[in-house]
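Subject: Structure handover, with notes on what was found

Dear colleague,

I am passing on the structure we spoke about, and I would be glad if you could look it over with the notes that follow.

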Amino acid sequence: MKKHVCISFIWKKENNRLYSFAHFKVKGIMNDIKVALLGSEGAGKSAVLVRFLTKRFIGEYASDASSLYHKRLSVDGRQLNLEVYDPSPRNGEKQCILEELLEWADGFIVVYNISDRASFIAAKEIVHQIKTTLMDVSKGEVSIYLIGNKQDLCHARQVFEEEARLLAMENKCQFQEVSAAEQYQEIFTMFINLMRHIMERLKYRADRRRRYSGSKSMVKLINNVFGRRRKSV
């Protein structure tokens, strides 16, 4: 079977900054999907990620370091290389990091704590910034998953599920409440659903580019043909 080689751009992290560099990959062997994990301090976003990666619950911990995680897995028969960037919420350059991630990521997971309304307000601002920035650039759909974490603390709930679901509907996001402390399968399924959505969106964009390129080629061919005919008359 013939292999198609294409050039893409991937990013590496040095000194808490992301940098792009050219990367050759063989189509059909490995596909890269890049996800940014966002949320305020105390939302439990790192705990959600570690639960997905290791099936374990780590609880809350303080970290000043941003981290880039890799996981290879099969989704619907396709071998995927998932990269998840987890920026430190303590980093003083939050705005700069978010702007870089808007260029880097294929999709976003925005996490808030259902027992902390301030974290929900922060998540709402992040969602709005993602949608405003990327919709203006791509004129298309953005893959965002809004996650209400710490469902096990529903007795201390400050954010009603209906309110978060409405926010997700208004911004065309996927939404789910989870508990990193108690659930693995729900979190695993959430990541898989996001990856499926990203793959569908990227395929749609690639198909549109091919159709547009094909249309331009046809118009150029027709113009050349009729141009030659006019000259010969």
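In this predicted model, the side chains of Asp 86 and Lys 45 come together in a salt bridge, with 2.2 Å from N to O. This pair joins distant parts of the chain, since Asp 86 belongs to strand β5 (residues 78-86) and Lys 45 to helix α1 (residues 45-54), 41 residues apart. Both Asp 86 and Lys 45 are buried.

The helix that carries Lys 45 deserves a word of its own. Helix α1 is mostly covered, with 8 of its 10 residues buried, and the buried residues are Lys 45, Ser 46, Ala 47, Val 48, Leu 49, Val 50, Arg 51 and Phe 52. Just after α1 comes Lys 55, which takes a positive phi of about 70°.

How many salt bridges are there in the count? The count comes to 6, and two others are described here beside the pair above.

One of them is formed by the side chains of Arg 196 and Asp 76, at 2.8 Å from N to O. Arg 196 lies in helix α5 (residues 185-232) and Asp 76 in the loop between β4 (67-75) and β5, so this salt bridge ties together parts of the chain that are 120 residues apart in sequence. As for their surroundings, Arg 196 counts as partly exposed because its relative accessibility is 32%, whereas Asp 76, at 53% relative accessibility, counts as exposed.

Another salt bridge is the one between Glu 177 and Arg 157, whose closest N and O atoms are 2.8 Å apart. This pair, too, links distant parts of the chain, with Glu 177 in strand β8 (residues 174-177) and Arg 157 in the loop between β7 (143-149) and α4 (161-170), 20 residues apart. Is Glu 177 buried or exposed? With a relative accessible area of 8%, Glu 177 is buried, while Arg 157, at 27% relative accessibility, counts as partly exposed.

Finally, a note on the cysteines. A search of the whole structure for disulfides finds 0. Cys 154 counts as partly exposed, at 47% relative accessibility, whereas Cys 173 has a relative accessible area of 12% and is therefore buried, the cut-off being under 20%.

With kind regards

How values were computed: Residues numbered from 1 in each chain as written. Predicted model: local features only at pLDDT ≥ 70, side-chain atom pairs only at ≥ 80, totals over all residues. Heavy atoms only, no water. Salt bridge = Lys/Arg side-chain N within 4 Å of Asp/Glu carboxyl O. Helix = DSSP H or I, 4+ residues; strand = E, 2+ residues; numbered from the N terminus. Buried < 20%, exposed > 50% of the residue type's maximum accessible area, 1.4 Å probe, protein only. Disulfide = S-S within 2.5 Å.
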